[in-house]
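Colleague: I've got a model open and I'd like to zoom in on one part of it. Could you walk me through how a pair of helices sits together, and then what surrounds them?

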Amino acid sequence: MKNILVVDDELDILDTIIDTFEIEFEERNIMIYKAANGVEALELFKSDIVFDLIVTDINMPEMDGIELTQYVKGLRSDMPVIVFTGHGDMEEQDKLTALGVIAMIKKPYVEDLLEEVNNSLK
Ligand SMILES: [Mg+2]
């Protein structure tokens with residue numbers, strides 16, 4: 001049993017990711033959870049659910065993906081985080097690499113994201 005948390009403030013993108021993941025993972029005992037911003041994500045992260053992977057957007061209200069990654073890494077330094085973001089955010093790459101994110105995948109390439117997620121769950 002594994003748990004993945006997907007975080008994005010744009011609901012259509014969030015649903016696209018969730019749909020893709022559910023098709024891929026439905027028979028592999030992998031649960032997908034979703035959050036619309038860093039605050040919601042952090043609440044789930046601090047709950048009883050033990051996550052194996054977080055996929056997060058960068059630009060979000062309340063708490064962005066960089067701040068979320070900082071918090072999460074502060075609580076669990078080995079927590080795998082993959083960033084799925086728009087082209088304009090790629091300039092944040094150095095900051096995110098320093099924070100220890102596994103990968104930055106450009107939107108809208110959900111198939112690339114899925115490949116990275118599969119690699120990280122091995
Ligand atoms: Mg966003």
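Modeller: Here is a walk through one helix pair and the sheet beside it. Keep in mind that this is a predicted model.

Let's start with helix H2, residues 38–45, and helix H3, residues 65–75: their axes come within 9 Å and cross at roughly 20°. Angles under 35 degrees count as roughly parallel, so H2 and H3 are roughly parallel to each other. Their crossing is right-handed. On the H2 side, the contact is made by Gly38, Ala41, Leu42 and Phe45, while H3 brings in Gly65, Glu67, Leu68, Tyr71 and Val72. Sort those residues by class and you get six nonpolar, two polar and one charged.

Now follow H2 over to the sheet. H2 lies across strands S1, S2 and S3, and runs at about 165° to S1. The sheet itself is open, with five strands in the order S2-S1-S3-S4-S5 and parallel pairing. S2 (30–35) and S5 (103–106) stand at the edges with a single partner strand each, so one side of each has no neighbour in the sheet. On average, neighbouring strands here are turned by 20° against each other, direction ignored.

Have a look at the S5 edge, too: four bridges join S4 (residues 81–85) to S5, and these two strands run parallel. If you want one pair to click on, Phe84 has Ile105 in S5 as its bridge partner. Helix H1 (residues 11–25) also packs on the sheet, where it touches S1 (2–7), S2 and S3 (53–56), and the direction of H1 makes about 175° with that of S2.

Notes: Residues numbered from 1 in each chain as written. Predicted model: local features only at pLDDT ≥ 70, side-chain atom pairs only at ≥ 80, totals over all residues. Axes fitted to C-alpha atoms, helices over the stretch in contact; angles between N-to-C directions. Parallel < 35°, antiparallel > 145°, perpendicular 65-115°, else oblique. Left-handed = near helix turned anticlockwise from the far one by under 90°. Contact = placed C-beta atoms within 7 Å. Nonpolar A, V, L, I, M, F, W, Y, C, P; charged D, E, K, R; others polar. Pairing = 2+ DSSP bridges.
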